[in-house]
Each structure stands twice: as structure tokens, then as C-alpha cells.
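Biologist: I would like a close look at a single part of this chain, taken slowly and with its surroundings described. Please go through the residues that make its contacts.

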Amino acid sequence: MSNTVAMIHIPSLIDDAKCFATVRELRWPKGVPCPHCDSPEITKQGRDDTQPERQRYLCKSCHRRFDDLTDTIFAGHHQPLRIWILCLYFMGLNLSNRQIAQELDLNKDDVHQMTTQLRQGIVAKKASPALSGEVECDEVYIVAGHKGQPEAVAKKGASADGAASKVPEDEAPSKVRNRRSSG
Ligand SMILES: [Zn+2]
């Protein structure tokens with residue numbers, strides 16, 4: 001059994017195309033903007049010479065080129081993208097750096113460096129920080145729509161306004177004042 005398990009080498013089972021697709025979804029959930037000028041007017045410009053799954057783009061506004069990994073922590077790194085994606089996956093499973101190193105046939109120090117970088121987000125540097133992990137937002141307003149119930153809407157609006165105007169102007173708790181202890 002242990003021999004069979006040893007034969008399963010996860011990195012070789014991973015699809016490179018899907019790894020690049022994953023990065024695109026992570027960094028550009030709403031479509032691809034130019035990383036230099038933020039313009040959404042971009043065109044595809046073929047694939048990378050050595051990594052056929054890596055899409056290249058040209059910005060129509062600033063005419064600069066970029067690709068899937070431009071400005072990410074994966075760019076210019078000697079580890080293939082699938083190793084990074086697997087590392088990210090193992091981090092999600094709460095594996096230790098030592099365990100990840102074992103799974104990926106890597107040095108523990110290298111894995112430490114990778115996990116440290118991954119925790120800070122996949123998009124490197126830049127003024128606007130990339131959102132990753134747990135993201136909180138203060139308030140979200142959702143308009144549920146009042147289609148077909150114009151009366152309800154009008155009524156609700158009116159009563160809301162009315163209620164607002166009825167609020168006493170000064171209900172400050174003045175009694176609270178002068179309650180300092182004399183000690
Ligand atoms: Zn641009």
C-alpha cells in the first residue's frame with residue numbers, strides 16, 4: 001500500500017491550464033484590466049513562448065503588454081505555477097510548511113518563503129492592496145425591488161419621512177450632567 005501511495009505524485013496530476021485559469025479568476029474576477037493604467041480596453045496577444053497556458057495581453061489605452069502573471073508573486077519565480085497553486089491548496093488544509101515541503105518535494109525554507117508571500121496576496125506591490133483571505137465590509141445595501149407594488153413603496157416612503165420629522169429635536173439626556181461624584 002505504501003508503495004502505491006508513494007507513486008501518487010500530486011504535482012504531475014495538476015493541469016497547468018487550470019492553474020492559469022485559477023490565477024485569472026483570483027486576480028481578475030470582473031474581467032481583465034490593464035495592470036499599468038487600469039483600463040478595461042485590452043486585447044489578447046497570443047501565448048507565452050515557454051508557457052503555452054500563459055495568456056498575453058496588450059492594453060489599448062497605454063499600449064503596454066502584460067500577461068496572466070504580471071505583477072503577481074508568481075512572476076519570474078522558478079517554481080512552476082502549479083506548485084504555487086498546490087501550496088495554496090495545502091495551506092487551506094492547514095498543512096505545516098514541513099508537510100507541504102514533503103508533498104511538493106521542496107526545501108522547507110523555500111516553502112516558508114512561498115507561504116509567507118501567499119499570505120500577503122498573490123498580487124505583488126502596488127498602491128491598491130489586493131483583497132485576500134477574509135474581507136470585511138461595513139454595510140451592504142440590497143435593493144430587493146418593489147416591482148408591481150408602487151403603493152407599498154409610496155406608503156413606505158411617506159411613513160419613513162413622517163417618522164423622521166416627528167423625532168424630537170432635542171432629547172439630549174441633560175440629567176446625566178452634574179452627576180460627578182464629589183469625591
Ligand atoms: Zn494600460
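Modeller: I will take helix H3 as the part to examine, and begin at its contact with helix H2, where Asp 16, Cys 19, Phe 20, Thr 22, Val 23 and Leu 26 of H2 meet Leu 81, Arg 82, Ile 85 and Leu 88 of H3. Sorted by class, the residues of this contact of H2 with H3 comprise seven nonpolar, one polar and two charged. The axes of H2 and H3 come within 9 Å and cross at roughly 65 degrees, and H2 passes H3 in a left-handed crossing. All of this is read from a predicted model, and should be taken in that sense.

For the setting, the protein chain holds six helices and three strands, which follow one another from the N terminus in the order α-α-β-β-β-α-α-α-α. Of its 183 residues, 23% count as buried. Among the contacts in the chain with a separation of 6 or more, 51% are accounted for by residues 24 or more positions apart.

H3 itself covers residues 81-92; its 12 residues reach 17 Å from the first C-alpha to the last, close to the 16 Å expected at 1.5 Å a residue. The buried residues in H3 are Leu 81, Ile 83, Trp 84, Ile 85, Leu 86, Cys 87, Phe 90 and Met 91, and the buried residues of the helix pack against H2 (16-27), H4 and H5 (108-119). A general point helps in reading such a list: an α-helix has 3.6 residues a turn, so residues three or four places apart point the same way.

The next partner is H4, residues 97-104, whose axis comes within 10 Å of that of H3, the two crossing at roughly 140 degrees. That angle makes H3 oblique to H4, since a pair counts as roughly antiparallel when the angle is over 145 degrees. The crossing of H3 and H4 is right-handed. On the H3 side the contact is made by Ile 83, Leu 86, Cys 87, Phe 90 and Met 91, and on the H4 side by Ile 100, Glu 103 and Leu 104. By class, this contact of H3 with H4 has seven nonpolar residues, no polar ones and one charged.

Within H4, Ile 100 deserves a separate word. Ile 100 is buried, with a relative accessible area of 0%. Not counting residues up to four places away in sequence, Ile 100 touches Cys 87, Phe 90, Met 91, Leu 95, Val 111 and Thr 115. The C-alpha atoms of Ile 100 and Leu 86 are separated by 8.8 Å, although these residues are 14 apart along the chain. Just after H3, Asn 94 takes a positive phi of about 65 degrees.

The third partner is H5, whose axis and that of H3 come within 10 Å and cross at roughly 75 degrees. The two helices H3 and H5 are therefore roughly perpendicular to each other. Their contact is made by Ile 83, Trp 84, Cys 87, Leu 88 and Met 91 of H3, together with Met 114, Thr 115, Gln 117, Leu 118 and Arg 119 of H5. The residues of this contact of H3 with H5 divide into seven nonpolar, two polar and one charged.

Some of the H3 residues serve in more than one of these contacts. Ile 83, Cys 87 and Met 91 are listed in the contact with H4, and Ile 83, Cys 87 and Met 91 are listed again in the contact with H5. Leu 88 is found in the contact with H2 and also in the contact with H5.

Finally, the stretch of chain leading into H3 has a backbone detail of its own. Asp 71, in the loop between strand S3 (65-67) and H3, has a positive phi of about 70 degrees although it is not a glycine. At 15% relative accessibility, Asp 71 counts as buried. Another aspartate, Asp 38, lies in the loop between H2 and strand S1 (42-47) and has a positive phi of about 75 degrees, again without being a glycine. Asp 38, however, is exposed, with a relative accessible area of 59%.

Terms used:
Residues numbered from 1 in each chain as written. Predicted model: local features only at pLDDT ≥ 70, side-chain atom pairs only at ≥ 80, totals over all residues. Heavy atoms only, no water. Axes fitted to C-alpha atoms, helices over the stretch in contact; angles between N-to-C directions. Helix = DSSP H or I, 4+ residues; strand = E, 2+ residues; numbered from the N terminus. Parallel < 35°, antiparallel > 145°, perpendicular 65-115°, else oblique. Left-handed = near helix turned anticlockwise from the far one by under 90°. Contact = heavy atoms within 4.5 Å. Nonpolar A, V, L, I, M, F, W, Y, C, P; charged D, E, K, R; others polar. Expected span 1.5 Å × (residues − 1). Buried < 20%, exposed > 50% of the residue type's maximum accessible area, 1.4 Å probe, protein only.
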